[in-house]
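Reader: I would like a close look at a single part of this model, set in the context of the whole chain. Please take me through it step by step.

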Amino acid sequence: MALNAHLDTLKRKHQAMSEAVETAQRAPGMDDLKVASMKKEKLRLKEEISRLSS
């Protein structure tokens with residue numbers, strides 16, 4: 001897979017994770033640990049995107 005295609009995939013996953021985190025934070029019965037786990041995954045994706053972009 002080309003680097004640009006991989007970066008695009010990571011960016012799409014990051015965007016999807018952002019939307020999932022926002023939705024989860026608004027849900028009344030959502031487990032805080034689940035939200036924290038989602039945020040960590042989102043951060044990991046962001047760091048990988050930054051690392052590959054530079």
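**Charges, overall form and one buried position**

Author: The chain carries 11 positive and 8 negative charges, and the mean positions of these two groups are 3 Å apart. The model is a predicted one, and what follows should be read in that light.

The chain as a whole provides the setting, with 2 helices and 0 strands. Its radius of gyration is 13 Å, well over the 10 Å that the globule rule gives for 54 residues, so the chain is more spread out than a compact globule. The C-alpha trace spans about 40 × 15 × 15 Å along the principal axes. About 4200 Å² of surface is accessible, and carbon and sulfur atoms account for 54% of that area, while buried residues make up 22% of the 54 residues.

Helix α1 covers residues 3-26, which gives 24 residues, and from its first C-alpha to its last it reaches 35 Å, close to the 34 Å expected at 1.5 Å a residue. Its buried residues are Leu7, Leu10, His14, Met17, Ser18, Val21 and Ala24, and these pack against α2.

The part to examine closely is Ile49, which belongs to helix α2, a helix made up of residues 32-53. Ile49 has a relative accessible area of 12%, and because the cut-off for a buried residue is under 20%, Ile49 is counted as buried. Once its neighbours within four places in sequence are left aside, Ile49 is in contact with Leu7, Leu10, Lys11 and His14. Leu7, Leu10 and His14 are themselves among the buried residues of α1, so the contacts of Ile49 with these three join buried positions, given that Ile49 is buried as well. A separation within the chain can be added to this picture: Ile49 and Ala36 are 13 residues apart in sequence, and their C-alpha atoms are 20 Å apart in space.

Glu48 offers a second view of helix α2, where it too is found. Its relative accessibility is 18%, and because this lies under the 20% cut-off, Glu48 counts as buried. With neighbours within four places in sequence again left aside, Glu48 is in contact with His6 and Leu10. Leu10 therefore appears in the contacts of Glu48 and also in those of Ile49, both of them buried residues.

Technical notes
Residues are numbered from 1 along each chain as its sequence is written. This is a predicted model: local features need pLDDT of at least 70, side-chain atom pairs count only at pLDDT 80 or more; totals for chains, interfaces and linings use all residues. Side-chain values use heavy atoms; hydrogens and water are left out. Helices (H or I, at least four residues) and strands (E, at least two) are DSSP runs, numbered from the N terminus. Buried means under 20% relative accessible area, exposed over 50%, partly exposed in between (1.4 Å probe, protein chains only). Contact means heavy atoms within 4.5 Å. The expected span of a helix is 1.5 Å times one less than its number of residues. The radius of gyration is taken over C-alpha atoms; the globule rule is 2.2 Å times the number of residues to the power 0.38. Accessible areas come from the Shrake-Rupley method with a 1.4 Å probe; for residues, only the protein chains shown count as cover. Lys and Arg count as positive and Asp and Glu as negative; His and the chain ends are not counted. The place of a charge is taken as NZ of Lys, CZ of Arg, CG of Asp or CD of Glu.
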